[in-house]
Amino acid sequence: EEQIRRKKREDHLEKIRHNVQLKYAAKRKRCKEDEAERLLQLSKEVLSQGAGEGTLDQLDHSEEELILAEYESDDEKKVASGLEEDDDNLEEEHVTKIYYCSRTHSQLSQFVHEVQKSPFGKNIRLVSLGSRQNLCVNEEVRRLGALQLINDRCMEMQKNKHEKKSDEENEGKKRRVSRTTCPFYSYEQMQFLRDEVLVEVKDIEQLVSLGRETKACPYYGSRFAIPAAQLVVLPYQMLLHEPTRNAAGIKLKDQVVIIDEAHNLTDTITCIHSAEVSGSQLCCAHSQLSQYMERYRKRLKAKNLMYIKQILYLLEQFVAMLGGNVNQNPGCQAVSQTGTVLKSINDFLFQSQIDNINLFKVQRYCEKSLISRKLFGFVERYGAPASAVKANKENQKLAGLQNFLLTLQQGSDKGGDPPVEAEHGQIRTASPLMQIEGFLSALTNANQDGRVILNRQGTVGQSSLKFLLLNPAVHFAKVVEECRAVIIAGGTMQPVADFREQLLCGAGMDPARIVEFSCGHVIPPENILPIILCSGPSNQQLEFTYQTRDLPQMMDETGRILCNLCNVILGGVVCFFPSYEYEQQVYGHWEKTGLLSRLAAKKKIFQEPKKANQVEQVLVEYAKCIKRCSQTGGQMTGALLLSVVGGKMSEGINFSDDLGRCVIMVGMPYPNIRSPELQEKMTWLDKTMPRAGGQTPSRVLIENLCMKAVNQSIGRAIRHQKDFASILLLDHRYARPAIFNKLPQWIRERTQVKPAFGSAFAELRKVSRYLLYLR
């Protein structure tokens, strides 16, 4: 039976591959449907012009969609959507798949292009998955901008489509409700798109343009292709988050998972499952929900009212834990005891007096009833500026909500957290309940696996509650258990101990099943010159600890090293600092001492911007300057880029060829050890993990976080087989065996430790002469 099914599918795809007539027939059918749709729209407009007397009635009905449907808890009611339960899809689950995940869509596109070029490109069934933000082709929905709003609008349109069918069946009841549905959500067209995707390998961009052309939704069309696909390409957030995985129809049982660019896999899992809500969000959600309940109290069923009251109680208690009152403006309530307090989940539940509420049931209610979406629709309608609202009695009742939202806005502008609204006007009134749902969900984790952080600042509005996941293995365990094989890969994975201990062994993996493989680099040994420099030109020992790095002599010595290097190295020099603050401090010091102008005589100086949207512009200018200097010659030999470890330019940026002939690492970018989150993680590791090589697990964590950041940053320079660069690590501590052994093997085996600057400078001058000779 399985072979017959497989043969049938292969024949079907082969037919599509070669039968051009099928494509034309589908295209003709689409044109006819478009024409019919246009005529229908015209006739609706004509009818509506003559139906003036019914508009008042229509306004009342348009509010129907804001009312919560009757809710039946747990599994009393199974919702069948019809679309997802397609027989053809269900019977194709036997196809063994490789799920290939990476961090960004650009990395995934790069991988898909490599597949297209490979010998497998012609006959492999590959599907690219993405979020609605990347795949939606409905311009009206795309304009919403924020992912949460796009998701909600899409789901609402689908629901309208299903309800429209049931309305048509009940024609007896004359309803004048006109609900928007998505023209791209056509089952037939999505089936056509699915076949097109399976026939030929396509990346996200090609999938979107095909969706526009075929008038079919690429988001759902690509999901329909999952059961028959052999290779599924997706961002790793989608695979690591179980609810998202289930919603997409991804089944990992006995499949192969490859997680590429996995150097920050542990952090990613921690971030996905952590959640933070501010005091102003809690107060705002409470106000919105109270107003909603008051307006629709007579229309809501008892179970809905019970759950809404539970949510309101939870919000009250959360604000009380921050030292505030939900009925007052959070921006004006001062917090008496400021500071950060960490609590276990159980302690937090008991102290906030919510231990008697079943959070699992509340969470399920929020998911099933779509309350945050209803609330968003309510606020969208009544949270608008007063001028835009018609002055009738009902709207006057809601003026309190508008005033509250306005004072909340003004309160947060006065020096609280910068409001999210600044970037997208339309997000301003979005319901904060969406974010609070994430926090409620996080509180259902096991007591030992996470902590709640109460961060009390100046006012209640500025204060926040944060859930911190300590044990990422609990969420990774399901992936490991279900899959036939999991491959965790990356260009710079060193040090790998925390993957093994925290993720795999922590998820209950048998150590015998964990295999490590590391290979050399494609470049020849002479193309890289890594140097650990222990002291500067004036014999000042280089040790950039928190105590010594602010000393004027340390900053002067760093400047002298850079001046000497910029005199001999042609092209681009990228210098990484441990933080933005330190980079600004050193820059300011060099400006005062005149060292900056000496540097600027040889290299044009660029600084990494703090805003992400300015990065591209700085990189373009940096590249232009280097190209101009190499062509014209003269006193200027290129450019110097001052960057930050963990910033916008330490990951995913290519400083290939002349853009990065030398990478300099100033000091060791240890994380802030005073951070309460990090301290809690260290305490938890010391309690749960074994000691390794005489070091406590917390010490190993700190070193690993530092060296991972270093390895990512210095790996920016060597980007292809013929590339070459020198790497300079400025700190004598890099020569310590525990640290030295955490450098990638291909760098480590070529690294020279130089106690004095003279011999290091001689080596670097040799490299620059070689480059000059090549030119």
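**Exercise 1. Salt bridges**

How many salt bridges does a search of the whole structure find? Trace those that involve glutamate 139.

*Solution.* The structure is a predicted model.

Step 1. The search of the whole structure yields 18 salt bridges.

Step 2. One of them pairs glutamate 139 with arginine 142, whose closest N and O atoms are 3.9 Å apart. Both residues belong to helix α7 (residues 139-142) and are separated by three residues, about one turn of the helix.

Step 3. Glutamate 139 also forms a salt bridge with arginine 212, with the closest N and O atoms 3.5 Å apart. This pair links distant parts of the chain, since glutamate 139 is in helix α7 and arginine 212 is in helix α10 (residues 204-214), 73 residues apart.

Step 4. Consider accessibility. Glutamate 139 is partly exposed at 40%, arginine 142 is partly exposed at 31%, and arginine 212 is partly exposed at 39%.

Step 5. Compare with another pair: glutamate 501 forms a salt bridge with arginine 500, the closest N and O atoms being 3.9 Å apart. Salt bridges that share partners join Glu139, Arg142 and Arg212 into one network.

**Exercise 2. Cysteines**

Determine how many disulfides the whole structure contains, and explain the result for cysteine 136.

*Solution.*

Step 1. The search of the whole structure returns zero disulfides.

Step 2. For cysteine 136, the closest cysteine sulfur is that of cysteine 182, at 6.5 Å. A disulfide requires sulfur atoms within 2.5 Å, so this separation is too far for a bond.

Step 3. Cysteine 136 is buried, with a relative accessible area of 13%. Cysteine 706 is likewise buried, at 0%.

**Exercise 3. The largest cavity**

Describe the volume and lining of the largest cavity.

*Solution.*

Step 1. There are two cavities of 30 Å³ or more, and the largest cavity holds about 150 Å³ of space.

Step 2. Its lining comprises 15 residues; Cys136, Cys154, Cys182, Cys217 and Tyr220 lie nearest the centre.

Step 3. Helices α8 (147-169) and α11 (218-224) each contribute at least two residues to this lining.

Step 4. By character, the lining of the largest cavity consists of 12 nonpolar residues, two polar and one charged.

**Exercise 4. Helix α14**

Identify the buried residues of helix α14 (residues 265-272) and elements that cover them.

*Solution.*

Step 1. The buried residues of helix α14 are Leu265, Thr266, Thr268, Ile269 and Thr270.

Step 2. Their cover includes the helices α12 (236-240), α23 (473-482) and α24 (497-505), together with the strands β4 (256-259), β8 (464-469) and β9 (485-488).

Conventions
Residues are numbered from 1 along each chain as its sequence is written. This is a predicted model: local features need pLDDT of at least 70, side-chain atom pairs count only at pLDDT 80 or more; totals for chains, interfaces and linings use all residues. Side-chain values use heavy atoms; hydrogens and water are left out. Buried means under 20% relative accessible area, exposed over 50%, partly exposed in between (1.4 Å probe, protein chains only). Helices (H or I, at least four residues) and strands (E, at least two) are DSSP runs, numbered from the N terminus. Contact means heavy atoms within 4.5 Å. On a 1 Å grid over the protein atoms alone, a cavity is a set of points where a 1.4 Å probe fits but cannot get out, and a pocket is an open set with protein on both sides within 12 Å along at least five of seven lines; lining residues have an atom within 4 Å of a point. Grid points are joined across faces, edges and corners, and a volume is the space filled by probe spheres set on the points. Ala, Val, Leu, Ile, Met, Phe, Trp, Tyr, Cys and Pro count as nonpolar, Asp, Glu, Lys and Arg as charged, and the others, Gly among them, as polar. A salt bridge is a side-chain nitrogen of Lys or Arg within 4 Å of a carboxyl oxygen of Asp or Glu.
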